[in-house]
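User: I would like to go through this model by way of its strands, sheets and helices. Please show it first.

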Amino acid sequence: MFEDFPIHPEAVSTVARQIDTFYFFMVGLSALMAFLIAATIVVFAIKYRRRSATEIPPVVIENKLVEITWIVIPFLIFMGLFVWSAWIYFDIQRMPAETMDIHVVAKQWMWKFQHPTGQTEINDLHVPVNQPVRLIMISQDVIHNFFVPEFRVHTDVLPNRYRYQWFEATKPGVYNLFCSEYCGTDHSRMIGKVYVMEESDYETWLAGGATGSAADQGEQLFQKFACNTCHADSASARGPSLTGVFGDPVLLSTGETVMVDEQYIRESILNPRAKIVQGYDAIMPSFQGQLSEEQVLQLIAYIKSLDTQQDQTPAVQPRPSQQPAPPQSPDATQPAAGQQSAPTEAQANNG
Ligand code: CUA
């Protein structure tokens, strides 16, 4: 009967159950409190009603014990809810160590996805079941919101800033994807489907239609825009080497250090003068307007792949841990000799 009118979406991700437990506890508690208050109003209205036109109510002396009780008990209940919900929040925000990274670009009015292996999709997202998937999301225009009710995943997608969201689907099927932030005329049509597939089906699906991985496409852009002419792995290069920098702190000309993450790389591409690596001149031109958000993400995937080539896991990125290592001097050549091939090759092919 309720198939076309679902009251509550099915729970199809690893975090859904604890969110539901909390949600139903809140609903139950609210219903209980509403009932108690309504019942008290009715009982008191009858019990303490005015019985004659000249009746004067007796003087009531406040009862400290009662007052303290009705302050302390709700306080403890609310603090309990706060601790419980914060616990859940931190638990679901903590990224699993190994995730499959999918790029998400939202725009009026569609969702664009790119898999690590390079496949792109619009308004459809295919993911394997029982595998943590991390979405690296950005908007090309206004604020959107990535909402998959069955996963209990609901995250704003902002312009100029990467947002991360992960989920692990627990059951194959097709689930609705909504934009749940009003974003203009066709907001209500900014919908899609998430296809959760068995691992083998996903592999089969992946076998079709990619022109190189996201990192490969980034490498092509790296050559096309001649990034490699400055960002070479030599001490005399005009720009800092990008090999092995991802996830590590870098020392800036201001003396500050900054963590090399997606946000920092994006800023350095679009607004290169914002943060100059120490020892280098502010000579890089801005690529604002020349690159789409998808292309920026591909370049980031390429730079990340320079970092992970040695452990042979280009598609699976553990979150960089905050390393207390001292910031590297940009003049020091990177010790990873085996990693120099990519930019050098890139230079050879350039032209
Ligand atoms: Cu995008 Cu609403």
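User: How many residues does the hairpin use to join strand 1 to strand 2?

Analyst: The model is a predicted one. Strand 1 covers residues 100-107 and pairs with strand 2 in the antiparallel sense over 5 bridges. Within this pair, alanine 106 has tryptophan 111 of strand 2 as its bridge partner. The hairpin that joins strand 1 to strand 2 does so through 2 residues.

User: Which residue takes a positive phi in the hairpin of strand 2 and strand 3?

Analyst: Strand 3, residues 120-122, runs antiparallel to strand 2, and 3 bridges join the two. Lysine 112 has isoleucine 122 of strand 3 as its bridge partner, and phenylalanine 113 stands opposite glutamate 121. Their hairpin has 5 residues between the strands, and the one with a positive phi, near 110°, is glycine 118.

User: Why is strand 2 described as largely enclosed by the rest of the structure?

Analyst: Buried here means under 20% relative accessible area. Strand 2 spans residues 110-114, and it counts as largely enclosed because the number of its 5 residues that are buried is 4.

User: What is the order of the open sheet that has strand 3 and strand 8 as its edge strands?

Analyst: Strand 3 and strand 8 (163-167) each pair on one side only. From one strand to the next, the twist averages 25°. The sheet has 5 strands with mixed pairing, in the order 3-2-1-5-8.

User: Why is one side of strand 4 and of strand 7 left without a neighbour in their sheet?

Analyst: Their open sheet is formed by 5 strands in the order 4-10-9-6-7, with mixed pairing. Strand 4 (124-128) and strand 7 (153-157) stand at its edges, so one side of each has no neighbour in the sheet; the reason is that each has a single partner strand.

User: By how much are neighbouring strands of the 4-10-9-6-7 sheet turned against each other on average?

Analyst: This sheet is an open one with mixed pairing. With direction ignored, the average turn between its neighbouring strands is 20°.

User: Which residue of strand 10 is the bridge partner of proline 128?

Analyst: Strand 10, residues 191-197, and strand 4 pair in the parallel sense over 5 bridges. In strand 10, the partner of proline 128 is methionine 197.

User: What angle does the direction of helix 3 make with that of strand 4?

Analyst: Helix 3 comprises residues 199-206 and packs on the sheet. Strand 4 and strand 10 are the strands that helix 3 touches. Its direction makes an angle with that of strand 4 of about 130°.

User: How far apart are the end C-alpha atoms of helix 1, and what span should its residues give?

Analyst: Helix 1 runs over residues 16-47, which is 32 residues. At 1.5 Å a residue these should span 46 Å, and the distance between the end C-alpha atoms agrees, at 46 Å.

User: Which helix do the buried residues of helix 1 pack against?

Analyst: The buried residues of helix 1 are Ala16, Asp20, Phe22 and Leu29. They pack against residues 64-93, that is, helix 2.

User: What share of the contacts with a separation of 6 or more is between residues 24 or more positions apart?

Analyst: The protein has 7 helices and 12 strands, and 38% of its 351 residues count as buried. Its accessible surface comes to about 20100 Å², with 60% belonging to carbon and sulfur atoms. Among contacts with a separation of 6 or more, the share from residues 24 or more positions apart is 68%.

How values were computed
Residues are numbered from 1 along each chain as its sequence is written. This is a predicted model: local features need pLDDT of at least 70, side-chain atom pairs count only at pLDDT 80 or more; totals for chains, interfaces and linings use all residues. Side-chain values use heavy atoms; hydrogens and water are left out. The expected span of a helix is 1.5 Å times one less than its number of residues. Buried means under 20% relative accessible area, exposed over 50%, partly exposed in between (1.4 Å probe, protein chains only). Contact means heavy atoms within 4.5 Å. Accessible areas come from the Shrake-Rupley method with a 1.4 Å probe; for residues, only the protein chains shown count as cover. Two strands pair if DSSP finds at least two bridges between them. Axes are lines fitted to C-alpha atoms, for helices over the stretch in contact, and angles run from 0 to 180 degrees between N-to-C directions.
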